[in-house]
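User: I should like to go through the charged side chains of this model and hear the reasoning behind each label. Please set each value against the criterion that applies.

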Amino acid sequence: MNLQQLEYILAVDEFRHFAKAAEHCNVTQPTLSAMIQKLEDELNAKLFDRTTQPVQPTLTGVKVIEQARIALRQTNLIKDIVKEETRSLSGVFRIGVLPTIAPYLLPRFFPELMEEYTSLDIRVTEMKTQDCLEALKAGEVEAVLIAGAAEGEYFHSIPLYYESFLGYVSKHNALFKKEMIRSSEVSGEQLWLLDEGHCFRDQLMRFCQLESAQSCQIAYRLGSMETFMRMVESGKGITFIPELAVLQLNEEQKRLVRPFAMPRPTRRIYMVTRTDFIRHALLNMLIEKIKASVPKEMLTLQNGQKVV
């Protein structure tokens, strides 16, 4: 048994397909299949049911795969200890980011970061909050950027900055004529919201005391925030956007932005790692880059803001 074989069975478990797993591992399918077969022969147990599509792990396979995941994570921790001792800022760093954070925060620091640290390979995956935390707990990512601190013994949350929510209102909506939005004036009618599971949606639903958002939500449940903004610009409904998104708008688009009346709903963005995370030199560098990339006033909670 070797680490390569463990990596292969994790890949097959992830993709549930031998050819895709082989492509991911940069080996041929016969090589990957042979290595897994050799491991099964050594263990005298079948790890995968190859008669099903997609491929499924056997009951024994599920237990072996989980232990393999733990073993590989512990192996990587050994490598990380050495990197941390030398304060190395190189290698692969996987990070999960909310879709409502990534497009507005990453362009502010990521390109320069890659130019400055050419030996650092940061791999970003956009995921919802629960998926971020599950990936972090499983060791599939080293850190996540989410809105709100993570609860539980496995996680360590580091606050980064505060970000207000703002309305994005079409010219044909009654709220366009007002300078600010009151939560009592927001209804589900013609309200474009992300589908369930996005904390951005959940936080605003609670703040505006909306039990449901039916009309536009049902019509376009799987939309993205950018899609909803285009719908508003075309003259229909309202949506909500994070503060950093405003900095990417042109002057015509900024005319559609409306702040909330005080208290203004605000989210707090955190970097979350596992409690056994070791590479603090790299993490601290990323935190400094992120904080330097946002307006200074966003680093502290301002008068009139309310974290939701």
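User: What makes R73 a residue without a salt bridge, and which side chain of opposite charge is nearest?

Analyst: The model is a predicted one. In it, the nearest side chain of opposite charge to R73 is D276, 4.9 Å away. A salt bridge requires a side-chain nitrogen of Lys or Arg within 4 Å of a carboxyl oxygen of Asp or Glu. The 4.9 Å separation does not meet that limit, so R73 has no salt bridge, although R73 is buried.

User: Where does R73 lie, and what is R73 in contact with beyond its neighbours within four places in sequence?

Analyst: R73 belongs to helix α4, which covers residues 59–85. Leaving those sequence neighbours aside, R73 is in contact with K137, A138, G139 and R274.

User: How many salt bridges are found in the whole structure?

Analyst: The search of the whole structure gives 15.

User: How do you know that R94 and E142 form a salt bridge?

Analyst: Their closest N and O atoms are 2.4 Å apart. This is within 4 Å, so the pair is called a salt bridge. The pair links distant parts of the chain, with R94 in strand β3 (residues 91–97) and E142 in the loop between α6 (129–137) and β5 (143–147), 48 residues apart.

User: Why is E142 called buried, and why is R94 called partly exposed?

Analyst: E142 has a relative accessible area of 16%. Buried means under 20%, so E142 is buried. R94 has a relative accessible area of 26%. That value lies between the 20% and 50% limits, and R94 is therefore partly exposed.

User: What separates R230 and E233 along their helix, and how far apart are their closest N and O atoms?

Analyst: R230 and E233 are 3 residues apart in helix α9 (residues 225–233), which means that about one helical turn separates them. Their closest N and O atoms are 2.9 Å apart, and the two residues form a salt bridge. R230, at 36% relative accessible area, is partly exposed, and E233 is partly exposed at 31%.

User: What makes R255 and E252 a salt bridge, and which residues are joined into one network by salt bridges that share partners?

Analyst: The side chains of R255 and E252 meet at 3.2 Å, N to O. Because 3.2 Å is within 4 Å, the pair counts as a salt bridge. R255 has a relative accessible area of 44% and E252 one of 42%; each value falls between 20% and 50%, so R255 and E252 are partly exposed. Salt bridges with shared partners join D13, R16, E66 and R69 into one network.

Notes
Residues are numbered from 1 along each chain as its sequence is written. This is a predicted model: local features need pLDDT of at least 70, side-chain atom pairs count only at pLDDT 80 or more; totals for chains, interfaces and linings use all residues. Side-chain values use heavy atoms; hydrogens and water are left out. Helices (H or I, at least four residues) and strands (E, at least two) are DSSP runs, numbered from the N terminus. Buried means under 20% relative accessible area, exposed over 50%, partly exposed in between (1.4 Å probe, protein chains only). Lys and Arg count as positive and Asp and Glu as negative; His and the chain ends are not counted. Contact means heavy atoms within 4.5 Å.
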